[in-house]
Amino acid sequence: MTGEDGARRETLPAPGAEDDPERAPAAHRRFTALRKDVRTVASAQIQRLEAAMVTGRRWAAPEFRRLLVEHPLIRHITRRLVWLAEHDGAVTAFRVAEDRTYADVGDDALTLPAEARIGLAHPVELGGDLDAWTALFADYAILQPFPQLGRVVHALSDAERAGARLDRFEGAAVAARAVLGLERRGWRRAAPMDAGIQGAIHRAAPGGLHVNVRLDPGVPVGRVDEGGDQRLAEIRLDDRPEDGRWSPGRAGRPFGDLDPVTASEVLADLAAATS
C-alpha cells in the first residue's frame, strides 16, 4: 500500500477530521481485519512449504509458476527460498528474483524447461553450493521464512545405515509433552491399547517406510502428564507403522534405506525431543 506521496505504508492512516465519518472508520476496520487474515494465511502457507521441503513434494513447472510465483501473496514467500528444477536427470538450484524471473547460484538468468519438476531445496541436496547460496542470500539481505539454508543437517553413521535399530537415541527419557510435540513434525501416535495407553509413535517416510518408536511406559490418552517421562525403548525402520501392538520379532529394515533428507529430519526431530 502506498500513500499519496508514493511512499510505502505499513498501515492505513487513521480516519481524519475531513474523512467521511461513516465510510472512513469502516474502511479502517476492514483493512485491519484484512491484515490479520493475511498474517494467518501467510503463516499457514509457510508451514505448508516447509513440509513440502521435508517431504520432497514436486510441482510441474507450469503449476509452480501459476500457484506460487504468480500468486499475489505466496510469491513474496517464494522469493525468499531456494528451489530445485529436475529435468532429464539433471538437477539445478535456482531462486525467484523480484521481477519473477529465475536465477542460478551465480546469479545468472535461468530458463526452466516446461517439463521440469520443481521442489524446495533441502540443504542436504545443495551439497557444495550451500555456502554460495548462503552468501548470495546474505548479499541480498534475504530473510528466509523458515530455516532452509541455515538448517542443521544430520547424517547417519555407517553403522546406523547398516543397522535396523537407531541406538543413539534408544533408552533416552523424553517428557511426554515433548513426545506429543513431535506430532507437529509429522509424527503420529499409535492407536490406544489396554487402559488407553499409546505405546508407540511413528513417522511415514518415502518408499512406504515408517520410523517406529516404542514408548515405555506409553502415553495415557487424555491424561498426558500422568504418563511421566517416556523412554524411547526401541527405534526401528519398518514397511508399516506400529499399531500399538509392538512386534518384537520383526527384523526391520536398515536405516540406510532412508533417503538423506528424511534421515536428516528424523535425526533432527529425535535430537530435539531428547535434548
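**Entry 1: aromatic pairs**

I searched the whole structure, which is a predicted model, and found six aromatic pairs. I reminded myself that a pair of aromatic rings is described by the distance of the centres and the angle of the planes.

I began with Trp 59 and Trp 83, whose ring centres are 6.1 Å apart. Their planes make an angle of 65°, and the pair is edge-to-face. Next I looked up where the two residues sit. Trp 59 belongs to strand β1 (residues 59–60) and Trp 83 to strand β2 (residues 83–87). They are 24 residues apart in sequence, so this pair ties together separate parts of the chain.

Are these two residues buried or exposed? Trp 59 has a relative accessibility of 2% and counts as buried, because buried means under 20%. Trp 83 is at 0%, so I noted Trp 83 as buried too.

**Entry 2: a phenylalanine pair**

Then I turned to Phe 64 and Phe 94. Their ring centres lie 5.9 Å apart and their planes meet at 90°, so I wrote this pair down as edge-to-face. Which elements hold these two residues? I found Phe 64 in helix α2 (residues 61–69) and Phe 94 in strand β3 (residues 90–96). With their positions 30 residues apart in the chain, the pair links distant parts.

I checked burial here as well. Phe 64 has a relative accessible area of 0% and is buried. Phe 94, also at 0%, is buried.

**Entry 3: putting the rings together**

I wanted to know which residues join up into one aromatic cluster. My list reads Trp 59, Phe 64, Trp 83, Phe 94 and Tyr 102. So both pairs from my earlier entries have their residues in this cluster.

**Entry 4: a charge over a ring**

I moved on to Arg 95 and Tyr 140. Arg 95 lies over the face of Tyr 140, 4.5 Å from the ring centre.

**Entry 5: the second largest pocket**

My last stop was the second largest pocket, with a volume of about 380 Å³. How many residues line this pocket? I noted 13, and the closest to the pocket centre are Ala 51, Val 54, Arg 184, Arg 185 and Gly 186.

I then asked which elements give two or more residues to the lining. They are α1 (23–55) and β9 (197–205). Helix or strand aside, α1 gives the most, with five residues.

Finally, I sorted the lining by class: five residues are nonpolar, four are polar and four are charged.

Notes:
Residues numbered from 1 in each chain as written. Predicted model: local features only at pLDDT ≥ 70, side-chain atom pairs only at ≥ 80, totals over all residues. Heavy atoms only, no water. Phe/Tyr/Trp six-rings, centres within 6.5 Å; stacked < 30°, edge-to-face > 60°. Helix = DSSP H or I, 4+ residues; strand = E, 2+ residues; numbered from the N terminus. Buried < 20%, exposed > 50% of the residue type's maximum accessible area, 1.4 Å probe, protein only. Lys NZ or Arg CZ within 6 Å of the ring centre and 35° of its normal. 1 Å grid on protein atoms, 1.4 Å probe; cavity = no way out; pocket = protein on both sides within 12 Å on 5 of 7 lines; lining within 4 Å. Points joined across faces, edges and corners; volume = space filled by probe spheres on them. Nonpolar A, V, L, I, M, F, W, Y, C, P; charged D, E, K, R; others polar.
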